[in-house]
Amino acid sequence: MDKMYIHDLVRKCIIGTRPAERKKKQFVVLNICLSCKLAKAGRTDRLEDTVNYQKLTDRITDLVENSRFLLIERLADLHKGRVTVKAL
């Protein structure tokens with residue numbers, strides 16, 4: 001299994017425990033490591049055999065920006081496994 005990294009993806013969501021934090025979306029910085037199969041794309045050099053990065057970041061954005069958690073740990077835990085490369 002190959003690894004793909006997305007570094008410093010900045011998105012906004014409701015996160016925090018204090019009342020003031022719950023009123024307005026805050027910036028979160030995401031660093032993501034995904035396991036995926038990239039060997040076929042390496043052999044064929046075809047776009048359709050690799051990850052669609054736009055769809056991937058769109059999915060991550062949707063998951064994060066529609067979240068409303070108290071703890072950043074909950075945000076991280078909830079979304080692991082919910083972004084799958086095959087489905088994109």
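# Charge pairs, core and surface patch

In this predicted model, Asp-49 and Arg-46 are joined by a salt bridge between their side chains, with an N to O distance of 3.2 Å. Asp-49 also pairs with Lys-40. The salt bridge count for the model is 5. The points below cover these pairs, then the nonpolar core and a positive surface patch.

**Salt bridges around Asp-49**

- Asp-49 has a relative accessible area of 14%, which is under the 20% limit, so this residue is classed as buried.
- Its partner Arg-46 is partly exposed, at 42% relative accessible area.
- In the salt bridge between Lys-40 and Asp-49, the closest N and O atoms lie 3.7 Å apart.
- Lys-40 is partly exposed as well, with a relative accessibility of 46%.
- Asp-49 therefore takes part in a salt bridge as a buried residue, while Lys-40 and Arg-46 are each partly exposed.
- Side chains of opposite charge can pair when their charged atoms come close.

**A salt bridge within helix α3**

- Arg-59 and Asp-62 form a salt bridge through their side chains, at 3.7 Å from N to O.
- Both residues belong to helix α3, and because they are 3 residues apart there, about one helical turn separates them.
- Arg-59 has a relative accessible area of 31% and is partly exposed.
- Asp-62, at 40% relative accessibility, also counts as partly exposed.
- Elsewhere, salt bridges with shared partners link Lys-40, Arg-46, Glu-48 and Asp-49 into one network.

**Nonpolar core**

- The largest nonpolar core holds 16 residues, and the members that touch the most others are Leu-30, Leu-56 and Ile-60.
- Two or more residues of this core come from each of β1 (2-15), β2 (26-36) and α3 (53-65).
- Helix α3 thus appears under two topics: it contributes to the core, and it carries the pair Arg-59 and Asp-62.
- In soluble globular proteins, nonpolar side chains tend to be buried together.

**Positive surface patch**

- Lys-12, Lys-24, Lys-25 and Arg-68 make up a positive patch on the surface.
- Arg-68 is located in strand β3, which covers residues 68-69.
- With a relative accessible area of 55%, Arg-68 passes the 50% limit and is therefore classed as exposed.
- Residues in such a patch have no salt bridge, so Arg-68 is a patch member without a salt bridge partner.

Terms used
Residues are numbered from 1 along each chain as its sequence is written. This is a predicted model: local features need pLDDT of at least 70, side-chain atom pairs count only at pLDDT 80 or more; totals for chains, interfaces and linings use all residues. Side-chain values use heavy atoms; hydrogens and water are left out. A nonpolar core is a set of buried Ala, Val, Leu, Ile, Met, Phe, Trp, Tyr and Cys residues joined through side-chain atoms within 4.5 Å. Buried means under 20% relative accessible area, exposed over 50%, partly exposed in between (1.4 Å probe, protein chains only). Helices (H or I, at least four residues) and strands (E, at least two) are DSSP runs, numbered from the N terminus. Patches are made of residues with over 30% relative accessible area and no salt bridge: like charges are joined within 9 Å, nonpolar side chains (Val, Leu, Ile, Met, Phe, Trp, Tyr) within 5 Å. Accessible areas come from the Shrake-Rupley method with a 1.4 Å probe; for residues, only the protein chains shown count as cover. A salt bridge is a side-chain nitrogen of Lys or Arg within 4 Å of a carboxyl oxygen of Asp or Glu. Lys and Arg count as positive and Asp and Glu as negative; His and the chain ends are not counted. The place of a charge is taken as NZ of Lys, CZ of Arg, CG of Asp or CD of Glu.
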